[in-house]
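Welcome to a short tour of a protein model. Have the sequence and the structure open beside this text, and look up each residue as it comes along.

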Amino acid sequence: MEINGKTEVCGLIGNPVEHTLSPVIHNTLAELMGINMVYLPFPVSSEHLQEAVKGAEALHIKGLNVTVPYKEKVLPWLVEVDEAARVIGAVNTLEAAAGGYKGYNTDMPGLYRAMISDDVRVDGAEALILGAGGVARAAAFMLADKAGKITILNRTPEKAWAIAKEVNRYAGRQVAEALEAERYRELSGKDYLVIQATNLGMYPDTERALIEDQDFYRKVRVGYELIYNPFRTRFMQMVEAAGGRAFNGLKLLLYQGIIAFEIWNHCEVTKEQADLVYGRLVEKL
Ligand code: NAP
């Protein structure tokens, strides 16, 4: 693609950002759709976060993704926050707006689009979420008005309780509950959709899963892992060994990026374009 005087810039702020795959998503989409835009990673140290947002505005940077550790910390420096992102309390996408940037959370709708594209039934599902960190929160709010029931399991149960309480308030019904992870034997269902949202099993510590008991996995219909490195985690192996379907987090990465791209460029990415970008991501991994 030709960079010229009209090329617009989008990027990623976070720390670290060196291993990000987001440039593959956005630069491929720009090329496929003939949009004169480039996407670059910008490492930002925490003491410079406010200056980075101000500087981006001054440079007319059209949009930014925000990654760890700034998804919550960036909120005070935004002029506006989208309703869903405000409820979740975290943003991962900023769009240039009058006087600064408006924040969005595309992890939440991205997870839904990822699951739809993998043909995973969410509506009415009996769901378990393993973990109660940032992405588990987005998953819980995504499921709030769709799942039949949500149980959040976490090593630190207080964090899971807090999310369940907020989700119930948001949904206006008692859809979510929480359980300390090591009490998983108390689960009475037999056809669970499980979203794996802890760090366990991520490269390089790949031989780990929150629950190691094969009896648990016999109750799992679908295991939806949010990690994509390794491509097939220990959690996924255990789900498949017990006869369930397992998916990794690469589609979440893809669709949270696609939704950000659609916000910045006011366009709609087709299934064919999404598939092509997905292929490039797999090549990169
Ligand atoms: P986070 O906020 O740091 O939360 C980490 C979660 O993992 C917490 O629930 C934590 O439990 C649990 N955990 C960590 N170490 C543990 C251990 N030794 N034993 C038991 N539980 C442990 O992280 P996050 O941002 O939500 O990310 C979670 C995972 O999702 C990461 O692996 C990340 O790669 C993945 N992710 C993927 C995408 C994607 O695009 N595919 C996007 C975002 C995140 P405690 O609360 O007890 O500490």
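Val-282 sits in helix H10, which covers residues 271–284. In this predicted model, is Val-282 buried, partly exposed or exposed? Its relative accessibility is 34%, so Val-282 counts as partly exposed, given that a residue is called buried under 20% and exposed over 50%. On the surface, Val-282 joins Phe-231 and Leu-285 in a nonpolar patch. Together, these three residues offer about 240 Å² of accessible area.

**Around the ligand**

Now turn to the ligand. How many residues surround the ligand? There are 22 of them, and the closest are Ala-132, Asn-154, Arg-155, Thr-156 and Lys-159. By character, the residues of this shell divide into eleven nonpolar, eight polar and three charged.

Some backbone atoms also face oxygen atoms of the ligand. The table lists three such pairs.

| Residue | Atom of the residue | Atom of the ligand | Distance |
|---|---|---|---|
| Val-135 | polar backbone atom | oxygen | 2.9 Å |
| Thr-198 | polar backbone atom | oxygen | 3.4 Å |
| Leu-253 | polar backbone atom | oxygen | 3.4 Å |

On its own, the ligand has 920 Å² of accessible area, and the protein covers 77% of that. Which elements give two or more residues to the shell around the ligand? They are helix H5 (134–143) and helix H9 (250–265). Keep helix H9 in mind, as we will come back to it.

**Salt bridges across the chain**

Side chains of opposite charge can pair when their charged atoms come close. This structure holds 19 salt bridges, and we will visit three of them.

Start with Lys-71 and Asp-107, whose side chains meet in a salt bridge with an N to O distance of 2.9 Å. Why does this pair tie together parts that are 36 residues apart in sequence? Lys-71 lies in the loop between strand S3 (63–66) and strand S4 (80–81), while Asp-107 belongs to helix H4 (residues 107–117), so the bridge joins these two places. The partners have their own surroundings: Lys-71 counts as partly exposed because its relative accessibility is 23%, whereas Asp-107, with a relative accessible area of 9%, is buried.

The next bridge brings us back to helix H9. Glu-262 forms a salt bridge with Arg-113, and their closest N and O atoms are 3.0 Å apart. Glu-262 lies in helix H9 and Arg-113 in helix H4, so this pair ties together parts that are 149 residues apart in sequence. Glu-262 counts as buried because its relative accessibility is 12%. Arg-113 has a relative accessible area of 28% and is therefore partly exposed. Glu-262 has another neighbour to look up: a polar atom of its side chain lies 2.8 Å from the backbone nitrogen of Val-269.

The third bridge also involves helix H9. Lys-251 forms a salt bridge with Asp-118, with the closest N and O atoms 2.8 Å apart. Where do these partners lie? Lys-251 is in helix H9, and Asp-118 is in the loop between H4 and strand S7 (126–130); the pair links distant parts of the chain, 133 residues apart. Both Lys-251 and Asp-118 are buried.

**A buried threonine and an exposed glycine**

Two more residues make a nice contrast to look up. Thr-93 has its place in strand S5 (residues 93–97). Its relative accessibility is 0%, so Thr-93 counts as buried. Which side chains make polar contacts with the side chain of Thr-93? Asn-65 does, through a polar contact of 3.2 Å, and so does Asn-92, likewise at 3.2 Å.

Gly-243 is found in the loop between helix H8 (234–241) and strand S12 (245–247). Is Gly-243 buried or exposed? With a relative accessibility of 69%, Gly-243 counts as exposed, because exposed means over 50%. Along the chain, Gly-243 and Arg-221 are 22 residues apart, and 7.9 Å separates their C-alpha atoms.

**Looking back**

To finish, find helix H9 once more. This helix gives residues to the shell around the ligand, and it holds Glu-262, the partner of Arg-113 in helix H4. Lys-251, the partner of Asp-118, lies in helix H9 as well.

Notes:
Residues numbered from 1 in each chain as written. Predicted model: local features only at pLDDT ≥ 70, side-chain atom pairs only at ≥ 80, totals over all residues. Heavy atoms only, no water. Patch = residues over 30% accessible without salt bridge, like charges linked within 9 Å, V, L, I, M, F, W, Y side chains within 5 Å. Areas by Shrake-Rupley, 256 points an atom, 1.4 Å probe, with all protein chains shown as cover. Salt bridge = Lys/Arg side-chain N within 4 Å of Asp/Glu carboxyl O. Helix = DSSP H or I, 4+ residues; strand = E, 2+ residues; numbered from the N terminus. Buried < 20%, exposed > 50% of the residue type's maximum accessible area, 1.4 Å probe, protein only. Near = heavy atom within 4 Å. Polar contact = N/O pair within 3.5 Å; in protein donor to acceptor, adjacent residues only side chain to side chain. Nonpolar A, V, L, I, M, F, W, Y, C, P; charged D, E, K, R; others polar.
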